[in-house]
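Open the model in your viewer and keep the selection panel at hand. The stops below go from helix pairs to single residues.

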Amino acid sequence: MFGSAFGGPGPLLLLLLALGIDALFGDWLDRILPDPAGLARRFCNAADARLNRAERGKSAQVIRGALVVLALLLIAVAAGLLVEWIGSIGRGWMVELLALLCGLRGRAAWTRVRAVRRALESGGVVAGQEAIQSLTRRHVYGLDEHGIARAAVEAAARAFDRKLVAPVFGYALLGVPGLFVWTAMDGADAALGSPGVRHGRFGSTAATLDDALNALPARLAGLLLALAAPFIGTAKAGASLRALGRDARKHPSLNMGWPIAAMAGALGLALGGPHRDGGVVITESWIGDGRARATPADIGRALALSAVATLLLVGLVALLLWGVAGI
């Protein structure tokens, strides 16, 4: 795993290198490298516009949505196998490294959450609503300062899972095809996985498969966030673990409750909860038993917690590399 048969670095060493590059230059790379999840989202949006018709029967909607996901998965696996084949030739490992950098978007997501804090501090609620819009499915214009801050903390927890832990897990388990399958399903879930009349059936396959693929990574992300708490002065690991056991299953998503509960418990916050969508109140359970009046400073604490958890993830990959090398 230290080096390939052709003299290049092995997969786990490539993964460590990619994590380091993403941490240092992820903002810049986000602007120049294609985002597989974004490409998958556009593919699904186009398929949705063309194939998802309300007048079709329930079974037809489910089948058409499943075929869209199947086509996307075949493309992802084929692209992953092609990258691995190129990677086995000479200096082709650089192509595999680029593929990893395309799939890992931890620093870019971290920076977007930081932008919400800066917007709240410099421009108030209106600026914060604009900054959080792309990071939450909630109706942002019904959020006050505390609601925006809570949504940003939740976004930091989700991003740690979906933009770092899950792609790392997919690559470590199944190589580049695993990485591309995960990022493809991340995009498919963003496009089709939201509950509602339009996507309830057409997007059911995307939502179900996304839940299945993220089951283990989400729990690992929650554990890493809890373990990172002792390194943040005001965070508490014990409270994080208690929130994991008590509240993780309260979230509407099958998996997102794990990193969000870990974050809420560690920071002494209550996340989730009821919120308005237009004139309708959406009832959701509170996650965590702390204060609901989150502040921009809490966004900074969440970012610090996710940064330390990222270091623990890097350490876990290094430990795995050391263990494989020692076999």
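Select helices α5 and α6 in this predicted model: their axes lie 9 Å apart and the helices pack at an angle of about 170 degrees. An angle over 145 degrees counts as roughly antiparallel, so α5 and α6 are roughly antiparallel to each other.

Now show the side chains where the two helices meet. From α5, pick G106, A109, V113, V116, L120, V125, G128, Q129 and I132. From α6, pick E145, I148, A149, A151, A152, A155, A156, A159, K163 and L164. Colour this contact of α5 with α6 by residue class and you will find 14 nonpolar, 3 polar and 2 charged residues.

Keep α6, which covers residues 145–192, and add α7, residues 204–213. The axes of α6 and α7 come within 9 Å and cross at roughly 150 degrees. That angle is also over the 145-degree limit, and α6 and α7 are therefore roughly antiparallel to each other. The crossing of α6 and α7 is left-handed.

Which residues make the contact between α6 and α7? On the α6 side, select R162, V181, W182, M185, D186, A188, D189 and L192. On the α7 side, select A206, A207, L209, D210 and L213. The residues of this contact of α6 with α7 divide into 9 nonpolar and 4 charged, with no polar ones.

Next, go to single residues, beginning with E96 in helix α4, which spans residues 93–103. Is E96 buried or exposed? The relative accessible area of E96 is 10%; buried means under 20%, so E96 is buried. Show what surrounds E96, leaving out neighbours within four places in sequence: E96 is in contact with L14, V83, E84, G87, Y171 and V176.

Then return to α5, which runs over residues 106–132, and select R107 there. R107 has a relative accessibility of 24%. The partly exposed class lies between the 20% and 50% limits, so R107 counts as partly exposed.

What does R107 touch, not counting residues up to four places away in sequence? Display D22, A23, L24, G26 and D27: these are the residues that R107 touches.

For a last stop, draw a distance between the C-alpha atoms of R107 and K236. The two residues are 129 residues apart along the chain, and their C-alpha atoms are separated by 24 Å.

Technical notes: Residues numbered from 1 in each chain as written. Predicted model: local features only at pLDDT ≥ 70, side-chain atom pairs only at ≥ 80, totals over all residues. Heavy atoms only, no water. Axes fitted to C-alpha atoms, helices over the stretch in contact; angles between N-to-C directions. Helix = DSSP H or I, 4+ residues; strand = E, 2+ residues; numbered from the N terminus. Parallel < 35°, antiparallel > 145°, perpendicular 65-115°, else oblique. Left-handed = near helix turned anticlockwise from the far one by under 90°. Contact = heavy atoms within 4.5 Å. Nonpolar A, V, L, I, M, F, W, Y, C, P; charged D, E, K, R; others polar. Buried < 20%, exposed > 50% of the residue type's maximum accessible area, 1.4 Å probe, protein only.
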